[in-house]
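Reader: Please take one part of this chain and go through it closely, starting from the overall fold and working inwards. I would like a single connected account rather than a list.

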Amino acid sequence: MDVSLTMWLVTILGLSALIAVDFFIGRKPHDVSIKEAGIWTIVWIVLAVIFGVGLLMAGESQASGEFFAGYITEKSLSVDNLFVFVLIMAKFAVPSQLQQRVLMFGVLIALVLRAIFIAAGAAIIASFSWVFYIFGAFLIYTAWKLIQEARSDEDEDEFEENRLLKSIERKFGVADRYHGTKLFIRVNGKRVLTPLMVVMLAIGTTDVLFALDSIPAIFGLTQDPYIVFTANAFALMGLRQLYFLIGGLLKKLVHLSYGLSVILGFIGVKLVLHALHESGVHVPEISIPFSLAVICGVLIITTITSLIASRRQEKREAEAAAAASASSSEKDSVEA
């Protein structure tokens with residue numbers, strides 16, 4: 001797309017206005033209900049659909065397809081991020097009424113950092129076409145790593161702070177408890193961070209690690225910085241509400257890692273084929289409609305198989321508990 005500076009400014013101002021409205025509505029700390037989370041999740045999805053359809057109606061059918069493919073990919077990768085967000089909330093014992101504030105600022109930090117990543121990625125791609133080989137190989141490696149982690153028996157049940165976060169805590173100090181929505185307080189005349197500020201930084205900086213695979217993934221679907229940015233923005237801005245909506249369902253998505261590995265591996269192959277094509281090698285290129293069909297198909301199959309597997313596991317656990325209860329009752333009867 002030939003996007004003018006004015007279009008960029010209008011888009012950024014529009015997204016900023018939406019974020020401001022979201023912040024104004026959720027400005028008071030409170031427990032987010034399923035109903036509230038569901039309504040706002042639908043609102044953000046509808047806004048993303050309107051944006052994509054708007055591109056189509058403006059005659060940018062290619063851009064519209066790339067946006068939807070990128071948006072769905074980033075949204076699915078964001079769901080995987082929620083697992084880590086749950087661990088972060090648990091580690092820092094964030095009060096339930098403050099969690100929506102934490103997520104809002106964490107997402108804002110993530111948006112700024114991803115904008116920087118996108119600008120850097122676009123500049124590198126424009127100067128060095130061979131970088132597609134690196135992106136493709138990295139995504140294929142990430143896909144393999146996801147499968148290995150999914151097949152391992154070790155469950156990640158604790159969040160470990162990164163070095164940047166630890167260094168910030170050592171430099172400024174951290175209060176021993178939450179102080180409402182305050183980010184800084186004074187202790188013995190020294191300004192220190194509150195746990196609320198620390199957890200916001202934890203979520204924002206942790207997202208940088210997720211950007212290492214999500215940014216190359218979306219560049220595998222489109223090289224248009226405008227589409228990359230807007231797809232990321234719409235995927236991230238609905239993440240806060242999605243956290244409260246499906247937080248209890250995350251453990252049921254037992255095959256999500258397998259689905260994401262297939263998607264990342266597929267995009268990795270697509271990037272390598274694109275790089276070969278750019279180098280003059282006659283290889284087939286994967287179209288956006290086909291990519292969109294693969295991504296949607298994998299996510300649908302993954303969700304269905306995850307729910308079936310979770311239901312069977314729950315049934316086995318219920319039967320085991322019933323058998324144990326019956327055995328205990330029988331033993332007590334014999335002793336009596």
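Author: What follows is a close look at helix H3 and its surroundings, set against the chain as a whole.

The model is a predicted one. Its protein chain contains 11 helices and 2 strands. In sequence order the elements run α-α-α-α-α-α-β-β-α-α-α-α-α, with the two strands placed between helices. Of the 336 residues in the chain, 43% are buried. Among contacts with a separation of 6 or more, 79% join residues 24 or more positions apart. The accessible surface of the chain is about 17800 Å², and carbon and sulfur atoms account for 64% of that surface.

Helix H3 covers residues 61-91. Two of its residues, Ser78 and Phe85, serve here to show what the helix touches.

Ser78 sits in helix H3. Its relative accessible area is 2%, so Ser78 counts as buried, the limit for that class being under 20%. Once neighbours within four places in sequence are set aside, the contacts of Ser78 are Ala235, Leu236 and Leu239. For one of these partners, Ala235, the C-alpha atom is 7.3 Å from that of Ser78, although the two residues are 157 positions apart along the chain. Helix H8 spans residues 225-237, and helix H9 spans 239-246.

Phe85 belongs to helix H3 as well. Phe85 also has a relative accessible area of 2% and is therefore buried. Outside its neighbours within four places in sequence, Phe85 is in contact with Leu103, Ile203, Leu239 and Tyr243. Leu239 thus appears in the contact lists of both Ser78 and Phe85. A further long-range pairing is given by C-alpha positions: those of Phe85 and Thr206 are separated by 9.0 Å, with their places 121 residues apart along the chain.

Two of the partners of Phe85, Leu239 and Tyr243, are among the buried residues of H9. Helix H9 is mostly covered, with 7 of its 8 residues buried. The buried residues are Leu239, Arg240, Gln241, Leu242, Tyr243, Phe244 and Ile246.

H3 and H9 also meet in the lining of the second largest pocket, where H3, H9 and helix H11 (288-335) each supply at least two residues. The largest contribution is that of H3, with 5 residues. This pocket has a volume of about 460 Å³. Its lining consists of 16 residues, and those nearest the centre are Ser76, Val79, Ile246, Leu253 and Thr303. Ile246 is also one of the buried residues of H9. By class, the lining holds 11 nonpolar, 3 polar and 2 charged residues.

Enclosed space is a separate matter. The whole structure has 3 cavities of 30 Å³ or more, and the largest cavity has a volume of about 100 Å³. Its lining is made up of Ile19, Asp22, Trp44, Met104, Val107, Leu108, Leu111, Leu236, Met237 and Arg240. Helix H1 (5-25), helix H4 (99-127) and helix H8 (225-237) each give two or more residues to this lining. H4 has the largest share, 4 residues. The lining includes 8 nonpolar and 2 charged residues, with no polar ones. Two residues of this lining tie back to the account above: Leu236 is a contact of Ser78, and Arg240 is buried in H9.

The loop between H3 and H4 contains Ala93. Ala93 is not glycine, yet its phi is positive, near 50°. Ala93 is exposed because its relative accessible area is 55%, the limit for that class being over 50%. Ser78 and Phe85 in the preceding helix, by contrast, are buried.

The two strands complete the picture. Strand S1 (residues 184-187) and strand S2 (residues 190-193) are paired in the antiparallel sense through 4 bridges. Ile185 has Val192 as its bridge partner in S2, while Arg186 is matched with Arg191. The strands form a hairpin with 2 residues between them, and Asn188 in the turn has a positive phi of about 55°.

Conventions
Residues numbered from 1 in each chain as written. Predicted model: local features only at pLDDT ≥ 70, side-chain atom pairs only at ≥ 80, totals over all residues. Heavy atoms only, no water. Buried < 20%, exposed > 50% of the residue type's maximum accessible area, 1.4 Å probe, protein only. Contact = heavy atoms within 4.5 Å. Areas by Shrake-Rupley, 256 points an atom, 1.4 Å probe, with all protein chains shown as cover. 1 Å grid on protein atoms, 1.4 Å probe; cavity = no way out; pocket = protein on both sides within 12 Å on 5 of 7 lines; lining within 4 Å. Points joined across faces, edges and corners; volume = space filled by probe spheres on them. Nonpolar A, V, L, I, M, F, W, Y, C, P; charged D, E, K, R; others polar. Pairing = 2+ DSSP bridges.
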